[in-house]
Amino acid sequence: NFPRREYKIYNFIKNKLNFLKIKKIRISYIGYNWNLASNVFHLIDLTSFLTNNKKFSIKINKLKDRAYLSSRKFFYELKGKLVFENNHGSTLVCEDIGYKKENRLNQSQPITIEANNLVFKIYENLHKLKIFKKNNHSFITKKIRIPNQSQLTDQFMKKIINKTSKLPTFKDSYYIHKLLLNTFARHIKIKLNKNLNKVKIT
């Protein structure tokens, strides 16, 4: 389930990138206590969607040497830093620094997308977009709409039936999930001395 592919804001950015013929971008999400192991799947899928590319490798793996209890019973989370690169040179930087009391919900942390001279900062929880231009330091701020999942499910079903859905295929998701799940399994085996025969998802 990757709803960002249907968000108007990310389709606006994708169309902008296509219009400007920008192939290489940098996406980053750096913050506190945002459950990297669960949410990194959504961020790498967003990068895949914006760049029309599903072939990624991990360039930097600085996951912390412990597992953290999740808010969901019997589940665990990982923290640290992962940097991905696709075969066209676009990068995704994800870092969960850990716990910080004054920012525990990470409410104002943006997803940052850098594309040549343009920088998009999407504050999903605040329903706000900032667009910067690097060369003259100008920026504009816009209100955006981030729908709830319950508002999207019916739309998803209709588009799947009509074959107009922007959701990834099973094959495309497999490539991305395999990379991440293998990375997490190796990390847990080496650093935490545990073998994973299967991975539970929420």
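A residue counts as buried when its relative accessible area is under 20%, as exposed when that area is over 50%, and as partly exposed in between. Keep that handy for the exercises below, and remember that this is a predicted model.

**Exercise 1. Work out whether Thr51 is buried or exposed, and find what it touches.**

Start with the address: Thr51 sits in helix 2. Next, take its relative accessibility, which is 11%. The cut-off for buried is under 20%, so Thr51 goes down as buried. Now look for its partners, skipping residues up to four places away in sequence: Thr51 touches Ile25, Asn86 and Ser90. Finally, check one of these by backbone distance. Ile25 is 26 residues from Thr51 along the chain, yet their C-alpha atoms are separated by 7.8 Å.

**Exercise 2. Sort Asn52, His127 and Asn195 by exposure, and say where each one is placed.**

Take Asn52 to begin with. You'll find it in the loop between helix 2 and strand 2 (56-63). Its relative accessible area is 56%, so Asn52 is exposed.

Then go to His127, in the loop that runs between strand 8 (118-123) and strand 9 (128-133). Here the relative accessible area is 33%, so His127 is partly exposed.

Last comes Asn195, in the segment after helix 4 (170-191). With 59% relative accessibility, Asn195 is exposed. For a sense of its position, pick Lys21, which is 174 residues away along the chain: the two C-alpha atoms are separated by 45 Å.

**Exercise 3. What is the sign of phi at Asn52 and at His127?**

Recall the background rule: most residues other than glycine have a negative phi. Now read off Asn52, where phi is near 55°, a positive value in a non-glycine residue. Do the same for His127: its phi is positive as well, at about 55°, and His127 isn't a glycine either.

**Exercise 4. Find the largest nonpolar core and say which helix gives the most to it.**

A bit of context helps: in soluble globular proteins, nonpolar side chains tend to be buried together. In this model the largest nonpolar core has 43 residues. Within that core, the residues with the most contacts are Tyr10, Phe84, Ile113 and Phe184. Helix 2 (residues 36-51) is the top contributor, with 9 residues.

Now zoom in on Phe84. Leave out its neighbours within four places in sequence, and its contacts include Val40 and Ile44, Phe56 and Ile58, Leu92 and Cys94, and Leu179 and Leu180. Ser57, Ser90 and Thr91 are also on the list.

**Exercise 5. Describe the whole chain: its elements, its compactness and its charges.**

Count the elements to get 4 helices and 10 strands. Along the sequence they follow the pattern α-β-α-β-β-β-β-β-β-β-β-β-α-α. The radius of gyration is 17 Å, close to the 17 Å that the globule rule gives for 202 residues, so the chain is as compact as a globular protein of that length.

For its extent, draw a box along the principal axes: the C-alpha atoms fill roughly 50 × 45 × 35 Å. Buried residues make up 41% of the 202. Then consider contacts between residues at least 6 apart in sequence: 61% of them join residues at least 24 apart.

Turn to the surface, where about 12,700 Å² is accessible and 51% of that belongs to carbon and sulfur atoms. Finish with the charges: there are 42 positive and 12 negative ones, and their mean positions are 2 Å apart.

Technical notes
Residues numbered from 1 in each chain as written. Predicted model: local features only at pLDDT ≥ 70, side-chain atom pairs only at ≥ 80, totals over all residues. Heavy atoms only, no water. Helix = DSSP H or I, 4+ residues; strand = E, 2+ residues; numbered from the N terminus. Rg over C-alpha atoms; globule rule 2.2 N^0.38 Å. Buried < 20%, exposed > 50% of the residue type's maximum accessible area, 1.4 Å probe, protein only. Contact = heavy atoms within 4.5 Å. Areas by Shrake-Rupley, 256 points an atom, 1.4 Å probe, with all protein chains shown as cover. Lys, Arg positive; Asp, Glu negative; His and termini not counted. Charge placed at Lys NZ, Arg CZ, Asp CG, Glu CD. Core = buried A, V, L, I, M, F, W, Y, C linked by side-chain atoms within 4.5 Å.
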